Amino acid sequence: MAKKQTAGRDNLGEFAPKFAELNDDVLFGQVWSREEELSPKLRSIVTVSVLMTAGNFEQLEHHLAFAKSNGVTKEEIAEIITHAAFYMGWPKAWSAFNRAKEIWK
């Protein structure tokens, strides 16, 4: 079972308490905890892929580190980014690689 997420409350709890609650309790509490449906590793791969494609690099950095902690290897992330580059665009792949290199060094 995944560790209880508090990032929403820690970062936005006073400013946007409902958003923080949904982030921590629904997204990470209910969705990410559905490990019988998708493993945390596979969920991380899907999340990283979606964030790269959308160009959401601020969130990508956190999720790359989370993917590493969920068992995604350096070789796997390199292959994921290489494969996705042809669908999401070369510049986004470069941006993703620059972040991944820091996390897997």
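**Close-up 1. Helices α5 and α6 cross in a right-handed way.** Welcome to this predicted model; we start with a pair of neighbouring helices. Helix α5 covers residues 74-88, and its axis lies 8 Å from that of α6, with an angle of about 160° between the two. Angles over 145 degrees count as roughly antiparallel, and α5 and α6 are therefore roughly antiparallel to each other. Look for the side that α5 brings to the contact: Ile77, Ala78, Ile81, Thr82, Ala85, Phe86 and Met88. Facing them from α6 are Trp90, Lys92, Ala93, Ala96, Phe97 and Ala100. If you sort the residues of this contact by type, you get 11 nonpolar, 1 polar and 1 charged.

**Close-up 2. Helix α4 meets helix α6 at roughly 45°.** Here α4 spans residues 57-69 and α6 spans residues 90-103, and their axes come within 10 Å. The two helices are therefore oblique to each other. Their crossing is right-handed. On the α4 side, you can find Phe57, Leu60, Glu61, Leu64, Ala65 and Lys68 in the contact. The α6 side supplies Lys92, Ser95, Ala96, Arg99, Ala100 and Ile103. Sorted by type, the residues in this contact of α4 with α6 are 7 nonpolar, 1 polar and 4 charged.

**Close-up 3. Helix α3 packs against helix α5 with a right-handed crossing.** Follow α3 along residues 40-54: its axis and that of α5 come within 10 Å and cross at roughly 40°. From α3, the residues to pick out are Lys41, Ile45, Val48, Ser49, Met52 and Thr53. They meet Glu76, Ile77, Ile80, Ile81, Ala84 and Met88 of α5. This contact of α3 with α5 is made up of 8 nonpolar, 2 polar and 2 charged residues.

**Close-up 4. An annotated stretch runs over residues 17-102.** UniProt, in an unreviewed entry, gives these residues the feature "domain: Carboxymuconolactone decarboxylase-like". How much of the span is helix, and how much is strand? The span is 83% helix and 0% strand. Now find its two ends: their C-alpha atoms lie 32 Å apart.

**Close-up 5. The protein chain is divided into two parts, domain 1 and domain 2.** Domain 1 takes in residues 1-32, while domain 2 takes in residues 38-102. To picture their spacing, imagine the C-alpha centre of each domain: these centres lie 22 Å apart.

Methods:
Residues numbered from 1 in each chain as written. Predicted model: local features only at pLDDT ≥ 70, side-chain atom pairs only at ≥ 80, totals over all residues. Heavy atoms only, no water. Axes fitted to C-alpha atoms, helices over the stretch in contact; angles between N-to-C directions. Helix = DSSP H or I, 4+ residues; strand = E, 2+ residues; numbered from the N terminus. Parallel < 35°, antiparallel > 145°, perpendicular 65-115°, else oblique. Left-handed = near helix turned anticlockwise from the far one by under 90°. Contact = heavy atoms within 4.5 Å. Nonpolar A, V, L, I, M, F, W, Y, C, P; charged D, E, K, R; others polar. UniProt positions renumbered as here; feature names shortened; annotations may be inferred. Domains from an automatic or database assignment.
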